[in-house]
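Trainee: I'd like to practise reading a structure feature by feature. Could you take me through this one?

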Amino acid sequence: MREKFKVALAQISCKQGDKAENIRKIEDLVIKAKQQSAELVIFPELSLTGYTVRDQIYELAETIPGPSTSVLEKLARKTGTYIVFGMPELSEKTQATIYNAAVLIGPDGLVGKYRKMYLPTHSVFEEKRYFRPGYQTAVFETELGKTGLIICYDIFFPEVSRLTRLKGAQLIVCISASPAVRRTFFETLTTARAMENTTFLAYVNLVGIEDGLQFWGGSRLIGPNGKVLVKAKYDEEDLVIGEVNYADIRPVETFVPTLKDLRPELFDKLKENAEKL
Amino acid sequence: MELTPSVLDLDWSDVKTKIRRFIKDYVKASGAEGIVSGLSGGLDSSTTAALSALAIGGDKVLGLLLPEQETYNVEDIEHVKLVAEKFRFKTEIVDITPTLKAFYNSISIFEPTDKICKGNIKARTRIIYIYYYANRRNLLVCGSSDKSETMMGYFTKWGDVAADISPVMDLYKTQVRKLAQHIGIPKEIVTKPASPALWPGQLAEEELGIKYETLDLILYGLEHFMKTGEIAQQLGIEEELVDKIKRRWLFMEHKRRMPLTTKIQYRTVGADFRLPHVLY
């Protein structure tokens with residue numbers, strides 16, 4: 001396993017509903033990122049289709065594995081990179097049950113997927129109308145260490161990142177499609193999740209305008225001490241490369257020992273009280 | 001939440017950037033060659049045309065002046081010229097009086113004393129001209145309705161509100177005023193009392209029965225789910241007035257939507273056909 005590696009935050013805008021065009025953009029950026037020695041390239045939430053596709057989601061969703069993941073598997077194999085991207089996943093057992101998924105692909109093929117647990121359905125968001133929520137956190141053992149996947153609104157719920165960390169993730173990848181009005185939340189919460197879990201956190205947000213919604217970008221790689229190691233531009237497409245060095249976790253975990261100090265009995269109380277809310 | 005005028009303050013530079021980006025992106029995505037807007041010489045249309053020019057270049061923006069005899073005001077025309085010169089967009093002027101007269105004469109039930117029905121003919125006639133230019137020259141129609149008017153339904157249904165995009169529709173009137181100041185709209189336009197100019201002497205605040213400074217705070221409170229009693233208390237006004245504004249806002253929803261139909265089939269336009277606004 002690699003202790004130290006470069007990660008590329010590929011902050012793109014998507015063409016709504018045009019998978020072929022979005023795959024072309026993903027291919028271009030993976031190649032560019034590889035030229036800059038990146039071993040992991042991360043794209044935003046629903047980057048295969050664009051975020052705002054509404055009822056077209058039923059035509060666009062695919063199984064995992066499926067046609068689009070197989071194209072990107074070839075790309076990962078050819079370039080020897082790991083790729084994370086977002087797509088609507090059609091359940092293999094049904095004809096119209098869809099998940100908002102993050103996919104991790106590596107040089108040896110499909111590594112795994114994560115199904116978004118917290119689906120925002122308020123304000124401009126209508127995810128529960130279209131998606132079934134996931135029920136499991138996702139952590140995958142790769143050449144790049146244990147990598148966890150979460151998606152956008154999940155970051156508002158510390159238990160998702162905490163569970164992902166407790167399963168061993170040293171790098172949490174959060175892919176996102178966050179419109180500009182939510183920027184303050186994400187800038188605060190991404191740092192908080194990295195710090196409270198003493199972990200690396202790579203946040204990759206969409207840019208561009210979809211149905212009047214302007215996505216703010218601002219993708220970032222955050223270290224376990226909360227330091228923003230690298231940050232992409234606001235509002236514009238960008239590709240930035242940062243370095244993950246797992247050796248940086250130890251000193252933080254030693255003197256900010258949030259994992260050591262965890263109180264499991266509180267989780268039972270949390271459950272008890274959440275049910276009564 | 002404290003309902004003070006400062007709640008309406010925004011980062012005007014950021015708002016300007018967002019609106020410019022929105023206009024530019026949409027014009028590009030639509031494949032249109034530019035924008036056409038109806039210009040009255042008032043705050044909203046001047047600001048929208050100026051923002052359009054800043055977004056895509058004044059050579060791609062056409063401001064249409066559509067005056068008519070009854071409400072003709074040379075100062076309004078001068079104001080349009082001022083903004084057009086400053087932001088370097090094109091203008092054309094078409095006197096719509098003959099068309100209006102033809103309408104009045106051909107409608108058997110036409111009643112000249114009914115100001116509202118007659119005024120609506122003017123607003124709808126103007127939009128016919130604007131869309132004609134848009135269609136002939138492959139332009140997008142850029143509307144200039146603000147959030148205060150839109151929430152109050154203070155516009156002509158399928159008239160002045162008709163457009164392909166409405167870049168300032170999420171800004172209250174007093175916010176448009178601040179944005180206008182920020183981008184350099186001349187002071188005489190920024191401070192001019194708002195009027196739809198559908199009949200001589202028509203003033204928005206008189207007709208709405210409230211100053212925009214108060215109206216915008218009431219609407220802001222309603223937008224943020226505040227109760228009418230709380231809004232009234234904070235603003236030191238009668239709850240009855242806030243209730244009246246709230247009822248008007250809710251009652252006017254029919255003016256902001258696709259026409260209502262009754263659901264008969266599987267998927268219905270305006271109800272559960274939920275499609276993205278994709279132009280590509």
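Trainee: Let me start with one residue: does A:Gly109 count as buried or partly exposed, and why?

Mentor: This is a predicted model, so keep in mind that we are reading computed features. The idea is to count C-beta neighbours inside 10 Å, where 20 or more would make a residue buried and 12 or fewer would make it exposed. A:Gly109 has 13 such neighbours, so it counts as partly exposed. The residue is found in strand 5 of chain A, which covers residues 109-115. A:Ala76 is 33 residues away from A:Gly109 along the chain, with 7.3 Å between the two C-alpha atoms.

Trainee: Which sheet holds strand 5, and what is the strand order there?

Mentor: Strands of a sheet pair through backbone hydrogen bonds, in either a parallel or an antiparallel sense. Here, six strands of chain A make an open sheet in the order 5-4-3-2-1-14, and the pairing is mixed. Strand 5 and strand 14 (238-245) of chain A are the edges; each has a single partner strand, so one side of each is left without a neighbour in the sheet. On average, neighbouring strands of this sheet are turned by 30° against each other, direction ignored.

Trainee: How many bridges join strand 2 and strand 3 of chain A?

Mentor: Three, and the two strands run parallel; strand 2 covers residues 40-42 and strand 3 covers residues 82-90. To place the register, put A:Leu40 opposite A:Tyr82 in strand 3 of chain A. Then add helix 1 (residues 19-35) of chain A, which packs on the sheet and touches strand 1 (4-11), strand 2, strand 3 and strand 14. The direction of helix 1 makes about 50° with that of strand 14 of chain A.

Trainee: What is the order of the strands in the sheet that includes strand 6 of chain A?

Mentor: That one is an open sheet of six strands, 6-7-8-9-12-13, again in chain A and with mixed pairing. Strand 6 (138-142) and strand 13 (228-231) are its edge strands, each pairing on one side only. The average turn between neighbouring strands of this sheet is 20°, direction ignored.

Trainee: And which helices should I look for on it?

Mentor: Start from the pairing of strand 8 (residues 171-176) with strand 9 (residues 200-205) of chain A, which is parallel over six bridges. Within it, A:Val173 stands opposite A:Ala202. Helix 6 (residues 183-197) of chain A packs on the sheet, touching strand 8, strand 9 and strand 12 (220-222), and its direction makes about 155° with that of strand 9. Helix 5 (residues 158-166) of chain A lies across strand 6, strand 7 (145-151) and strand 8, running at about 165° to strand 7.

Trainee: Stepping back, how many helices and strands does chain A have?

Mentor: Eight helices and 14 strands. For overall shape, set the radius of gyration beside what the globule rule gives: chain A has 18 Å, close to the 19 Å for 277 residues, so it is as compact as a globular protein of that length. Buried residues make up 49% of chain A.

Trainee: What does the secondary structure of chain B come to?

Mentor: Chain B has 13 helices and four strands. A compact globule of 280 residues would have a radius of gyration near 19 Å, and chain B agrees with 19 Å. Its buried share is 37% of the 280 residues.

Trainee: How do I check a helix, say helix 10 of chain B?

Mentor: Compare its span with what the residue count leads you to expect. Helix 10 has twelve residues (212-223), which should span 16 Å at 1.5 Å a residue, and its end C-alpha atoms are 16 Å apart, which agrees. Its buried residues include B:Tyr212, B:Leu215 and B:Tyr220. The buried residues of helix 10 pack against several helices of chain B, among them helix 7 (173-183) and helix 12 (239-251). After helix 10 comes B:Phe225, with a positive phi near 60°.

Trainee: How many residues does each chain bring to the contact between them?

Mentor: Chain B gives eleven and chain A gives 13. On the chain B side, six are nonpolar, one is polar and four are charged. For one example, take A:Asp55, in the loop between strand 2 and helix 2 (57-60) of chain A. A:Asp55 touches B:Phe273, B:Arg274 and B:Leu275.

Methods:
Residues numbered from 1 in each chain as written. Chains lettered and ligands numbered in written order. Predicted model: local features only at pLDDT ≥ 70, side-chain atom pairs only at ≥ 80, totals over all residues. Rg over C-alpha atoms; globule rule 2.2 N^0.38 Å. Contact = placed C-beta atoms within 7 Å. Nonpolar A, V, L, I, M, F, W, Y, C, P; charged D, E, K, R; others polar. Pairing = 2+ DSSP bridges. Axes fitted to C-alpha atoms, helices over the stretch in contact; angles between N-to-C directions. Expected span 1.5 Å × (residues − 1). Lists of a residue's contacts leave out its neighbours within four places in sequence.
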